[in-house]
Amino acid sequence: MTSPPRRLSDHESPGTDGSEHLLNERNLRQYSASLHRCVERIAGTFAEVDRPHTGTSAAALGKRVSAIDLDEPVRDTTTALEELEEIYFRDAVYFHHPRYLSHLNCPVVIPAVAGEAILSAINSSLDTWDQSAGATLIEQRMIRWTADRIGLGDASDGVFTSGGTQSNLQALAIARDEAREAQSGTNHLGHTVPLSRLRVLTSECSHFSIAKSAALLGLDHDAVRSVPCDERRRMRVDALAEELARCSAEDAVVMAVVATAGTTDFGSIDSLHGIADLCAQYGVWLHVDAAYGCGLLVSSHRELLAGIERADSVTVDYHKSFFQPVSSSAILVRDTAHLRHITYHADYLNPADTDAERTPNQVDKSLQTTRRFDALKLWMTLRVLGPDALGGLFDEVLDRTSEARELLAADSRFELAAEPQLSTLVFRYVSTEEIDPELCDRMNRHARQALFDSGEAVVAGTTVNGRNHLKFTLLNPETSVNDISHVLDLLAEHAEEYLTGHVPQEFGHSRAS
Ligand SMILES: *Cc1c(COP(=O)(O)O)cnc(C)c1O
């Protein structure tokens with residue numbers, strides 16, 4: 001069914017042709033008024049938020065979203081904002097709330113939000129110099145600054161990306177092409193090594209984007225070899241050595257070892273020096289996924305990243321531990337020449353004979369073409385706060401995690417799954433008496449969902465050794481130990497409620513017996 005073409009209805013003045021909405025010198029009053037209204041509305045929302053979420057269901061919200069007729073504009077920002085109240089502001093998940101303890105989302109710093117307003121208004125596109133004069137240089141400085149913090153050396157380079165997933169994909173694409181190029185020289189037929197012989201070694205706790213990237217890059221489904229972890233969820237270096245020897249014996253080509261500096265679930269940091277030694281010995285590309293752990297680059301705990309400077313490529317997510325709005329991420333490489341694997345030319349955009357000095361084109365380094373000026377948010381943050389204040393915020397989060405660990409360890413109702421290393425705590429409610437592990441799984445799952453539905457707090461869940469666990473990801477320096485203690489009590493309440501409702505039916509006897 002196609003709807004008939006729309007006619008102008010009575011309330012639409014004939015002058016409304018859209019041009020008054022263009023951001024240009026004629027419409028500055030509207031630009032200013034419209035943005036101020038947004039800022040006021042958001043400020044009003046933040047002033048009112050008293051829990052991280054309302055617990056509204058997707059079905060309830062879905063009805064309201066579907067009911068809106070997108071072919072009937074409301075015509076002014078104020079009305080559009082009122083409408084948004086019903087479908088977004090009221091029920092959004094607020095990461096700045098101290099009882100939001102779920103995923104790797106941080107509260108954002110105001111200079112970065114100001115940067116966001118600037119970058120979307122001017123709307124530079126970071127593909128070519130002729131679309132981004134100035135912005136390109138600011139991005140390059142941010143890359144240089146990050147590479148220097150890591151210690152990658154003068155030849156290093158990189159580019160902003162949409163997130164850790166894209167950064168990992170790009171790193172592995174480069175590693176793949178480097179490995180095939182290196183191998184083609186030794187192959188007596190002069191053929192490049194077939195994709196089926198390539199392997200990626202990474203720990204069993206690494207991020208799933210590594211496996212996804214390998215699949216997208218045409219590798220076999222079993223190309224990613226999972227290296228076992230020690231009890232602190234760090235890649236076992238001895239097991240990596242065994243796997244490297246095994247691949248070598250099988251005539252497989254290890255195109256990359258991926259170490260993780262801050263695993264998503266446990267915050268564990270692989271032994272970067274031990275892994276780098278093995279990579280050097282075997283001549284294998286070392287990629288360090290520091291999507292989460294990169295906050296340590298500005299923290300007083302920088303030493304936890306020792307060895308990261310030996311990587312061939314590094315993923316950093318400023319939108320995780322640098323208090324930046326989504327998206328803000330980068331891929332760094334030890335040698336700018338490695339980026340050539342990503343360089344393709346188009347006559348209309350970046351012809352091969354471009355003078356790179358006069359017209360630095362970042363598209364030559366990126367998987368994307370049109371690309372946001374996300375680097376401005378980090379720039380504004382560094383210029384207003386500076387790296388030490390930023391690192392101080394992350395330090396605070398790490399301190400709070402240690403305090404929360406003490407709280408959990410002292411509470412017999414809960415069992416800690418691993419010692420925290422960054423800012424996550426993985427645990428499970430075990431009650432104060434012996435209960436069946438399956439029931440314990442369901443009870444923990446229930447507690448998490450019930451808590452979310454109540455809107456009082458948001459916590460994460462994960463599986464450890466096949467068993468359901470709960471997870472706190474702390475990224476908010478304003479979360480207090482009291483907040484954490486309160487959330488533990490709420491979880492215990494929901495879990496006990498579930499237990500009371502389920503034990504008699506499942507075991508045929510009363511729980512009290
Ligand atoms: C979050 C995360 C990623 C993915 O990053 P996105 O920005 O969500 O795409 C990759 N690796 C690790 C270790 C992560 O924690």
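Helices and strands here are DSSP runs, at least four residues long for a helix and at least two for a strand, numbered from the N terminus. Counted that way, the protein chain comes to 14 helices and 12 strands. Keep in mind as you look around that this is a predicted model.

Let's start with the whole chain. A compact globule of 513 residues would have a radius of gyration near 24 Å, and the protein chain has 26 Å, so the two agree. If you follow the C-alpha trace along its principal axes, it spans about 75 × 75 × 55 Å. Of the 513 residues, 48% count as buried. The chain also brings together parts that are far apart in sequence: take the contacts between residues at least 6 apart, and 72% of them join residues at least 24 apart.

Now for the outside. The protein chain exposes about 24,400 Å², with carbon and sulfur atoms supplying 53% of that area. As for charge, there are 47 positive and 75 negative side chains, yet the centres of the two sets lie just 1 Å apart.

Next, zoom in on helix 11, which runs over residues 375-384. Its buried residues are Ala375, Leu376, Lys377, Leu378, Thr381 and Leu382. In an α-helix there are 3.6 residues a turn, so residues three or four places apart point the same way. What covers the buried residues of helix 11 includes helix 4 (110-122), helix 5 (135-150), helix 10 (318-321) and helix 12 (387-409), along with strand 2 (157-161). After helix 11 comes glycine 386, which has a positive phi, near 85 degrees.

For a single buried residue, try serine 329, which lies in strand 8 (residues 329-333). Serine 329 counts as buried because its relative accessibility is 0%, and the cut-off for buried is under 20%. Its side chain reaches the backbone oxygen of valine 316 at 2.9 Å. Leaving aside residues up to four places away in sequence, serine 329 touches a whole list of others, including Val159, Phe160, Thr161, Gly163, Gly164, Asp317 and Tyr318.

Finally, head over to aspartate 277 in helix 9 (residues 272-282). Is aspartate 277 buried or partly exposed? Its relative accessible area is 44%, so aspartate 277 is partly exposed. The side chain of aspartate 277 makes a polar contact with the side chain of arginine 310, at 2.7 Å. Those two residues are 33 residues apart in sequence, and their C-alpha atoms are 9.1 Å apart in space.

How values were computed: Residues numbered from 1 in each chain as written. Predicted model: local features only at pLDDT ≥ 70, side-chain atom pairs only at ≥ 80, totals over all residues. Heavy atoms only, no water. Buried < 20%, exposed > 50% of the residue type's maximum accessible area, 1.4 Å probe, protein only. Polar contact = N/O pair within 3.5 Å; in protein donor to acceptor, adjacent residues only side chain to side chain. Rg over C-alpha atoms; globule rule 2.2 N^0.38 Å. Contact = heavy atoms within 4.5 Å. Areas by Shrake-Rupley, 256 points an atom, 1.4 Å probe, with all protein chains shown as cover. Lys, Arg positive; Asp, Glu negative; His and termini not counted. Charge placed at Lys NZ, Arg CZ, Asp CG, Glu CD.
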